[in-house]
Amino acid sequence: MALHVECPGCLTPYALSEEQRGQPYRCATCLNVFVVEAAAEEAPRVVQPVEAVAAEAPKMIQLIDEEPYVAMPVDPKTLSPGRAAGKGPGASRKPTGKKKLGGERVALLVTALIAVLMVGGAAAAIGYRVWLDPGKKQTQNTGKTVVQVPRPRGVVVQPVAQRIGLDCDVQEVQEVYFSDQATRQAVVVRASPNGARWMDRYDLAAGKRLSSLNVIAWAAVFRMSLSPSGTRFAYEDNRGDVVIVSAQDGGVAARWRPYVPNRIAAPGDLPLEHALARIDFITEDRLLTVNQAGGMDLWTVPGLQPVYHVAGKPGREFSDPRVGLGLSLDRKTLAIFNGDGFELRDTATGGLQRETVRPEKLDKVVSAGGVAFSPDGKSLAAVLTIQRWGKESELVLAGWEVATGRFIGDIAVAKGQIIPSRSQLIWWGPNQVVARDGTPKEWLAVAWPGGRQVRPLEAGYWQKNGLIVPNSPDGRLWFVAGTEDSTAAFLSMVGMPEMERPADGDRPGEKWWLTANGILK
């Protein structure tokens with residue numbers, strides 16, 4: 001029996017299995033983590049059809065018109081001097097024979113007219129944002145002022161280079177994982193309406209689905225990996241075990257828990273070394289696990305024999321696999337936040353290659369958010385929270401040269417740009433970084449190095465859902481979205497537009513909308 005729940009943060013509905021009751025679950029819309037409990041049943045509401053209301057509208061107008069005037073007794077002491085003298089509406093006023101509409105009657109008349117207009121096709125905007133006319137603001141009954149987003153003009157800035165139809169709706173897609181560039185496969189993780197989670201593997205070259213497997217994956221944080229050649233898929237299940245399956249038929253090759261909580265802590269023991277942070281295939285038969293203290297372990301697959309162990313360090317905490325940790329697209333280098341910058345370690349041996357340089361201008365680095373290597377592996381970018389002496393903490397996008405650890409530069413995130421401190425980063429080609437801006441579907445493209453803001457992005461067309469997916473080996477921007485008039489999901493890829501046609505015009509701060517047909521504005 002399906003368990004119907006709602007995210008307490010954004011009220012997105014989910015139909016989950018009964019086994020997930022009491023378990024933490026991450027909302028795919030707002031990333032809020034909540035405990036699965038059945039939503040309270042509402043009392044049935046009786047809603048009168050609009051057509052029935054409209055049919056009664058002429059009668060309502062007639063009743064208003066025929067209502068007789070009734071003089072109500074009024075105490076003159078409660079009136080102002082003017083009204084007591086008969087200059088305003090009060091008991092001393094006499095009927096004139098003319099029919100006038102009071103405030104309540106006008107309201108009733110307006111209600112009737114609105115009902116007629118609704119039958120004529122008036123539509124309400126639906127979604128977690130307010131989508132009305134451009135350049136205005138509206139205060140909802142919550143008391144919060146929200147910016148109204150203008151409808152795109154439909155100008156195609158850049159058509160999609162490739163798109164693959166997925167057998168699901170956009171809102172069902174939760175994550176996408178890629179193989180290497182030679183294999184060109186992708187796994188789409190989706191949650192069906194009944195709460196089951198599926199792994200659909202696609203051939204990107206042929207544009208077709210290769211296999212579909214049901215996975216009992218951990219819902220709060222996604223820790224998954226597709227092997228470079230696309231033959232194996234690893235994920236953390238709902239019991240905290242790491243499961244390795246065949247991507248072709250779902251056969252289980254291995255299941256174990258690499259980090260087991262230590263009930264009796266030994267001197268010098270780090271509790272976070274016993275909790276999993278992320279998993280990554282670095283070759284077809286080697287799986288890398290990273291614990292939440294930043295320690296690394298490499299395992300053979302399917303034998304699960306340890307290859308090496310790198311101990312974690314005190315003061316480090318990596319609960320989210322995409323925050324403070326980053327893997328190069330060739331899977332050869334792992335970046336680990338060390339408090340000042342990053343350790344760059346060889347994934348095959350665990351050896352320290354180098355540490356990035358922290359320039360004095362950054363004063364104190366408080367924490368790191370998203371981390372991403374450029375497609376060619378030469379640059380590293382990260383979102384940092386820094387503390388300058390005598391000033392409030394601020395967010396910066398910082399970058400380093402991977403070969404030397406040399407600091408390339410940084411750009412402060414301007415006030416008004418809501419890039420969270422744990423924002424995810426994605427490279428878009430060799431010279432663009434895309435940072436998540438607030439909700440999962442809103443992003444900001446920044447030229448790098450240099451830090452010039454290119455454009456705010458939104459995955460999905462106006463009023464529709466969408467998802468920008470992590471770095472792919474080809475360095476192109478991949479995303480999941482529907483078309484302008486449909487929510488059927490497509491896995492699409494687009495290159496960075498070299499130049500917008502001047503004839504298209506532009507609006508200050510105008511968004512690019514990522515759709516299955518291309519980038520629109």
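## Arg345, aromatic pairs and strand β30

The side chains of Arg345 and Glu343 are joined by a polar contact of 3.1 Å. The structure discussed here is a predicted model.

Arg345 belongs to strand β23. Is Arg345 buried or exposed? Arg345 has a relative accessible area of 10%, and a residue counts as buried under 20%, so Arg345 is buried. Beyond its neighbours within four places in sequence, Arg345 is in contact with several residues, among them Met296, Val310, Lys332 and Thr333. The list of contacts also includes Leu334, Ile336, Gly350, Gly351, Leu352 and Gln353.

Next come the aromatic rings. The count of aromatic pairs comes to 7. One of these is formed by Phe342 and Trp400, whose rings are 5.5 Å apart, centre to centre, with 75 degrees between the planes, an edge-to-face arrangement. This pair links distant parts of the chain: Phe342 is in strand β23 (residues 342-346) and Trp400 is in strand β27 (residues 394-401), 58 residues apart. Phe342 and Trp400 are both buried. Ring pairs also connect these two residues with Phe337 and Phe407 in a cluster.

Rings are also involved in another kind of arrangement, in which the charged end of a side chain sits over a ring. Two cases are listed in the table.

| Charged residue | Ring | Distance from the ring centre |
|---|---|---|
| Arg163 | Phe490 | 4.3 Å |
| Lys511 | Trp513 | 5.5 Å |

The last part concerns strand β30. Strand β30 covers residues 432-436, and 5 of its 5 residues are buried. In a regular strand the side chains alternate between the two faces of the sheet. Which residues of β30 lie on each side? Gln432, Val434 and Arg436 are on one side, Val433 and Ala435 are on the other, and all of them are buried. Both faces of β30 are therefore covered, as the side chains of a regular strand alternate between the two faces of the sheet.

Strand β30 pairs with two strands, β29 and β31. Strand β29 (residues 425-427) pairs with β30 in the antiparallel sense over 3 bridges. Within this pairing, Leu425 has Ala435 as its bridge partner. The hairpin of β29 and β30 has 4 residues between the strands, and in this hairpin Gly429 takes a positive phi near 75 degrees. Strand β31 (residues 442-447) is joined to β30 by 5 bridges, and these two strands also run antiparallel. Here the bridge partner of Ala435 is Leu444. Ala435 is thus a bridge partner of Leu425 in β29 and of Leu444 in β31.

Terms used
Residues are numbered from 1 along each chain as its sequence is written. This is a predicted model: local features need pLDDT of at least 70, side-chain atom pairs count only at pLDDT 80 or more; totals for chains, interfaces and linings use all residues. Side-chain values use heavy atoms; hydrogens and water are left out. Rings of Phe, Tyr and Trp (its six-membered ring) pair if their centres lie within 6.5 Å; planes under 30 degrees apart count as stacked, over 60 as edge-to-face and the rest as tilted. Buried means under 20% relative accessible area, exposed over 50%, partly exposed in between (1.4 Å probe, protein chains only). A charge sits over a ring if NZ of Lys or CZ of Arg is within 6 Å of the ring centre and within 35 degrees of the ring normal. A polar contact is a pair of N or O atoms within 3.5 Å; within protein, one must be able to donate a hydrogen and the other to accept it, and residues adjacent in sequence count only if both atoms are side-chain atoms. Contact means heavy atoms within 4.5 Å. Two strands pair if DSSP finds at least two bridges between them.
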